[in-house]
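Please look over the sequence and the model shown here before reading on. The report below takes up an internal space first, and then goes on to rings, single residues and backbone features.

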Amino acid sequence: MTSWKIHFTASDTENAQSAHKRLIHQYGQYSISQADVIVALGGDGFMLESMHRYMASGLPIYGMNKGTVGFLLNDYQEENLFERLQAGVITKLHPLKMAATDMHGRVTEALAINEVSLLRESRQTAKIEISIDGKVKVEELTCDGVLVATPAGSTAYNLSAHGPILPVNAGALALTPISAFRPRRWRGAILPREAQIKFKIIESKKRPVSAVADAVEVRDVATVTVQEEPDICIKLLFDEEHNLEMRILDEQFQY
């Protein structure tokens, strides 16, 4: 493909908006229905928003860093964009599906690209029962919380909670406790991507817990189930020398 029909999107920052105007002037702007690719300008937070916003489109998303860290983005360059897109490497991600039932029986479903996290709402530690594929594996985790991370999310909150970094193609999920008090020696688990994880909140009225799927929060949950959604595929496009697989590998050697 010698030229690409691009839909540009940008965060609200002045820097990103200025780049947005220049790139549209140089390469044109196409609607989502006409486009071959989405080019997102911003930081990792905006890239995550764009992945949620456009996941149903099926279009690959090529991010260019106009933020701070830029873990999910390529370097910003205005020249040779068609050539970079043509040479890009596709990474496919599948989100997590969360189904959270609150203490009133209301069910909220949401998708998470990075992680689903359960967090205590009060000064009381949370007490959480954890089941995998219908079998109780942890009868009572006393903690600040617990999370399930995708490989793409394993270098984010999961890593801060001392969870493992997972290669993108590992076919695994990370189950990581957050400030666990009991059982004191349990450090979490690496689960197959097909696993269904269920959290049951113990003493939920006395020890309220919220569940968060990326930007969607449900308070006062009673049970939460989490599993990968294989029918949804998010395609990210990276420059060959900065692909996500290599970045996640490199994160394991940071010290």
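The largest cavity holds about 30 Å³ of space, a cavity being, on a 1 Å grid over the protein atoms alone, a set of points where a 1.4 Å probe fits but cannot get out; grid points are joined across faces, edges and corners, and the volume is the space filled by probe spheres set on the points. The model is a predicted one, in which local features need pLDDT of at least 70 and side-chain atom pairs count only at pLDDT 80 or more, while totals for chains, interfaces and linings use all residues. Residues are numbered from 1 along each chain as its sequence is written, and side-chain values use heavy atoms, with hydrogens and water left out.

**The cavity and helix α2**

A search of the whole structure for cavities of 30 Å³ or more finds one. The lining of the largest cavity consists of Tyr54, Met55, Gly58, Leu59, Ile61, Cys233, Ile234 and Lys235, where a lining residue has an atom within 4 Å of a point. Six of these lining residues are nonpolar, one is polar and one is charged, on a scheme in which Ala, Val, Leu, Ile, Met, Phe, Trp, Tyr, Cys and Pro count as nonpolar, Asp, Glu, Lys and Arg as charged, and the others, Gly among them, as polar.

Tyr54 also belongs to helix α2 (residues 44–54), in which Phe46, Met47, Leu48, Ser50, Met51 and Tyr54 are buried. Here buried means under 20% relative accessible area, exposed over 50%, and partly exposed in between, with a 1.4 Å probe and protein chains only; helices (H or I, at least four residues) and strands (E, at least two) are DSSP runs numbered from the N terminus. The buried residues of α2 pack against β1 (6–10), β2 (37–42), β3 (61–65), β4 (89–93) and β17 (234–238), contact being taken as heavy atoms within 4.5 Å.

Ala56 lies in the loop between α2 and β3 and is exposed, with a relative accessible area of 80%. Thr91, by contrast, lies in strand β4 and is buried, at 8% relative accessible area. Apart from neighbours within four places in sequence, Thr91 is in contact with Val168, Ile234, Lys235, Leu236, Phe238 and Leu244; of these, Ile234 and Lys235 are also among the residues lining the largest cavity.

**Rings and charges**

Which aromatic pair does a search of the whole structure find? The search finds one, and the pair is formed by Tyr27 and Phe82 in an edge-to-face arrangement, 5.2 Å centre to centre with 70° between the planes. Rings of Phe, Tyr and Trp (its six-membered ring) pair if their centres lie within 6.5 Å, and planes under 30 degrees apart count as stacked, over 60 as edge-to-face and the rest as tilted. Because Tyr27 lies in helix α1 (residues 14–27) and Phe82 in helix α3 (residues 81–87), the pair ties together parts that are 55 residues apart in sequence. Tyr27 is buried, at 12% relative accessibility.

The charged end of Lys66 sits over the ring of Tyr76, 4.0 Å from its centre, and that of Arg182 sits over the ring of Phe181, 4.5 Å from its centre. A charge sits over a ring if NZ of Lys or CZ of Arg is within 6 Å of the ring centre and within 35 degrees of the ring normal.

**Backbone features**

Arg182 is also joined to Pro183 by a cis peptide bond, with omega about -10°, and Pro183 is found in the loop between β11 (172–178) and β12 (189–192). Most residues other than glycine have a negative phi, and most peptide bonds are trans. The table gives two residues with positive phi.

| Residue | Phi | Loop | Relative accessible area |
|---|---|---|---|
| Glu203 | about 55° | between β13 (197–202) and β14 (209–213) | 37%, partly exposed |
| Asp214 | about 50° | between β14 and β15 (216–218) | 15%, buried |

**Two further buried residues**

Arg207 lies in the loop between β13 and β14 and counts as buried at 9% relative accessibility. Not counting residues up to four places away in sequence, Arg207 touches Gln124, Thr125, Lys127, Ile201 and Ile202; Arg207 and Thr125 are 82 residues apart in sequence and 6.6 Å apart in space, C-alpha to C-alpha. Leu191 lies in strand β12 and is buried, with a relative accessible area of 9%. With the same sequence neighbours set aside, Leu191 touches Ile132, Gly171, Ala172, Leu173, Leu175 and Ile197.

Terms used: 1 Å grid on protein atoms, 1.4 Å probe; cavity = no way out; pocket = protein on both sides within 12 Å on 5 of 7 lines; lining within 4 Å.
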